[in-house]
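Q: I would like a close look at one part of this model, with the cut-offs spelled out along the way. Please begin with a single pair of side chains and work outward from there.

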Amino acid sequence: FGRMTGACHRKCVPPHYKEAELSKGEAVCLDRCVAKYLDVHERMGRKLTELSVQDEELMKKMQQGNMPQ
């Protein structure tokens, strides 16, 4: 959450504030930035889970192959 907040803030909000409230453009930019960040986070989580399952299956196959018959 902290990394997302910092990244989107740097991308969407100028360093020198002119107004106390966000402009419409800044708010839209922040909404899109957060949506993209969360989408990528979800995709990476799914991919890492998939890779973990594949590794687990490979380890099981290797253990079964190394067992004496």
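In which helix do Glu 56 and Lys 60 lie, and how many residues apart are they?

A: Glu 56 and Lys 60 lie in helix α2, 4 residues apart, which puts about one helical turn between them; helices (H or I, at least four residues) and strands (E, at least two) are DSSP runs, numbered from the N terminus. The model is a predicted one, in which local features need pLDDT of at least 70 and side-chain atom pairs count only at pLDDT 80 or more, while totals for chains, interfaces and linings use all residues. Residues are numbered from 1 along each chain as its sequence is written, and side-chain values rest on heavy atoms, with hydrogens and water left out.

The side chains of Glu 56 and Lys 60 meet in a salt bridge, with 3.7 Å from N to O; the term requires a side-chain nitrogen of Lys or Arg within 4 Å of a carboxyl oxygen of Asp or Glu. Glu 56 is partly exposed, at a relative accessible area of 48%, and Lys 60 is likewise partly exposed, at 47%; on this scale buried means under 20%, exposed over 50% and partly exposed in between (1.4 Å probe, protein chains only). As a general point, side chains of opposite charge can pair when their charged atoms come close.

A search of the whole structure finds 4 salt bridges, and two further ones can be followed along helix α2, which spans residues 24–66. In one of them, the side chains of Arg 43 and Asp 39 meet at 3.2 Å, N to O. Arg 43 and Asp 39 are 4 residues apart in the helix, so about one helical turn separates them. Arg 43 is exposed, with a relative accessible area of 52%, whereas Asp 39 is partly exposed at 32%. In the other, Glu 42 and Arg 46 bring their side chains to 3.4 Å, N to O, again as a salt bridge. Both of these residues belong to helix α2 as well, with a spacing of 4 residues, or about one turn of the helix. Glu 42 counts as partly exposed at 46% relative accessibility, and Arg 46 is also partly exposed, at 49%.

Two uncharged positions in the helix add some sense of its reach. Gly 45 has its place in helix α2 and is partly exposed at 29% relative accessibility; its C-alpha atom is separated by 27 Å from that of Gln 63, which is 18 residues away along the chain. Gln 54 is likewise in helix α2, partly exposed with a relative accessible area of 40%, and lies 37 Å from Lys 11, C-alpha to C-alpha, at a sequence separation of 43 residues.

Elsewhere, helix α2 comes together with helix α1 in the largest nonpolar core, whose 6 residues are Met 4, Cys 8, Cys 12, Val 13, Leu 30 and Cys 33. Here a nonpolar core is a set of buried Ala, Val, Leu, Ile, Met, Phe, Trp, Tyr and Cys residues joined through side-chain atoms within 4.5 Å. The elements that give two or more residues to this core are α1 (2–12) and α2, and α1 gives the most, with 3 residues. His 9, found in helix α1, is partly exposed at a relative accessible area of 34%. Between His 9 and Leu 30, a core residue, the C-alpha distance is 7.3 Å although their positions lie 21 residues apart in sequence number.

Finally, the record offers a wider frame: UniProt places the feature "domain: Tim10-like", from an unreviewed entry, at residues 2–50. UniProt positions are given in the numbering used here, feature names are shortened, and annotations may be inferred rather than shown by experiment. Over residues 2–50 the chain is 78% helix and 0% strand, and the end C-alpha atoms are 26 Å apart.
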